[in-house]
Amino acid sequence: MGNSGGKSQGKGCNISKHSSDSKVIDRTEAPRNEFSNKDLGLAEQLEERSRSCSGYVTGCICQSVFQDILEYGNTTGMGRLLFHKLTADRTTQSEWLKKEAFLQGFSHLRSLGNLSEYYFSMFTDEKNSCTRDNLGTMMETCFIVSSQIDETSDAEKRVLSSLIDSALNGNGAIAMSEFCAWEAANCPRLFNGLHCWIVSRITECSSVSVPKQGIHQDDYLLNTSLLWLLSTTLSSVFTNQQTASQSYPEEKLSVYQLPVWSLLYDSNHQGLSMNRFEHHLFHYKGPTLMLISMSPNILLGVVTEEEWRESTQRWGSMNTSVIKILPKLEILERGSNMIYLNQKTRGLPYGLHVGSNVKNPVIAIDKDMESVKFNQVSGTLVEIEVWGCGTEQERQQQQEQKRWEVQQAEQQRKVKLPGQWDDNPDKALLEIAGINVNHSERGDT
């Protein structure tokens, strides 16, 4: 490689002095046959792109190549952070990395078992603590690259702020161990989308964008950032999205996909009433997400994988959860038998209750859907949305059931009733009961 200055030996990492007077990161070199032909070909591609960089060093990859590949939207600086993370040596600020060092670092990246520690240290530049600003950059980057959007709306920023406030819990910074514990409890798939995107970009040696994901952010409570947040939080029963790759498949890596959910009920368009709620939810056999907006500025979520129904008994599987989304993310309760829905059976409480405590449920909505109690504090019910998280087939089956019910109702209306029903329904009812109301037949004048 044209080394004129020799190598100073160090544990795990060597620094070479080249004729170009550039410091080059050179980890302890592994045998060349440790890497596949595809790995070696990728390193060759990256080196080829580095030839146009100023001060090119033979056999090395330039930092600016990583910056070109990994820059997207507002995610400036991620290429530089990852480049330095791959070097595993923070004492140097070299802009060049030997191909063998890249191959070792990228092989480690692809096979990560703990994404949170790796990316926490990457975004904090190997510090053991993360400030609010760094945490904000981390969260927004994860959201932007997972959703492939250009910028965040005000509503989406409020969701991201809820996530940040939840992690910090009133503090100005958070340590790595605390962050990893919080992430495991609240958002165990926080970095999956980012990880999949980074591995895919580097593998393809490309900065070409992919189609945007998500939904129109102004129309629904479920904006794109909330869709992404819930995809990091909820069980795979509700998301069905691809997870971060833990291997290096021969086929082209797929882009991380946000879940695709179907809107079942929107009180803004279909009316805020229990009858409308049941009409649009019943017979949908897939898992669902219910979003409840109430005053003052509180957004709650309820997820269940069981079909909605009226019952005098509480129901719901172990995957049933109650989540406070705004103003600060909090998993309130998880477990079975937490949902109660009754508007017909007398002698029992009416309305919709969610929570394991029968007397003091987490959420209680009255049968007229005019008021709501959250943790025993009353508020105004503003809006409800329910999204189907199942398959397209489950949605079609529900719609077929509704069409069948409409057909049955139409047939019932066409049944010819006895007597002069159309002319005088009251008289017809009396005649059905055996009462003769024809005065002339009785001899009356």
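Visitor: So helices are DSSP runs of H or I with at least four residues, strands are runs of E with at least two, and both are numbered from the N terminus; how many helices and strands does the chain have?

Guide: The chain has 15 helices and 18 strands. This is a predicted model, in which local features need pLDDT of at least 70 and side-chain atom pairs count only at pLDDT 80 or more, while totals for chains, interfaces and linings use all residues. Residues are numbered from 1 along each chain as its sequence is written, and side-chain values use heavy atoms, leaving out hydrogens and water.

Visitor: What share of the chain counts as buried?

Guide: Of its 445 residues, 48% count as buried, where buried means under 20% relative accessible area, exposed means over 50%, and partly exposed lies in between, with a 1.4 Å probe and protein chains only. As for contacts (heavy atoms within 4.5 Å), among those joining residues at least 6 apart in sequence, 63% are between residues at least 24 apart.

Visitor: Let's take one helix. Which residues are buried in α2?

Guide: Helix α2 spans residues 63-70, and its buried residues are Q63, V65, F66, I69 and L70. These residues lie on the same side of α2 because they cover an arc of only 155° around the axis, the arc being that of the directions from the helix axis to the C-beta atoms.

Visitor: And what covers them?

Guide: The cover over the buried residues of α2 includes helices α1 (37-50), α3 (78-87), α4 (99-110) and α9, together with strand β4 (60-62).

Visitor: α9 again, then. At what angle do α6 and α9 cross?

Guide: Helix α6 (residues 132-147) and helix α9 (residues 192-204) have axes that come within 8 Å and cross at roughly 60°. That makes α6 oblique to α9, since angles under 35 degrees count as roughly parallel, over 145 as roughly antiparallel, 65 to 115 as roughly perpendicular and the rest as oblique. Axes here are lines fitted to C-alpha atoms, for helices over the stretch in contact, and angles run from 0 to 180 degrees between N-to-C directions.

Visitor: Which residues meet there?

Guide: From α6 they are T141, C142, V145 and S146, and they meet G193, L194 and W197 of α9. By class, this contact has four nonpolar, three polar and no charged residues, counting Ala, Val, Leu, Ile, Met, Phe, Trp, Tyr, Cys and Pro as nonpolar, Asp, Glu, Lys and Arg as charged, and the others, Gly among them, as polar.

Visitor: Different topic: which bond joins S295 and P296?

Guide: A cis peptide bond joins them, with omega of about 0°, and P296 is in the loop between β9 (288-294) and β10 (298-304). Another cis peptide bond, with omega of about 5°, joins L326 and P327, and P327 is in the loop between β12 (321-326) and β13 (330-334).

Visitor: What about Q148, is it buried or exposed?

Guide: Q148 is buried, because its relative accessible area is 0%. Q148 sits in the loop between α6 and α7 (154-168), and has a positive phi of about 55° although it is not a glycine. Most residues other than glycine have a negative phi, and most peptide bonds are trans.

Visitor: And where is E126?

Guide: E126 is in the loop between α5 (115-123) and β6 (129-131), also not a glycine, with a positive phi of about 70°. E126 is partly exposed, because its relative accessible area is 35%.
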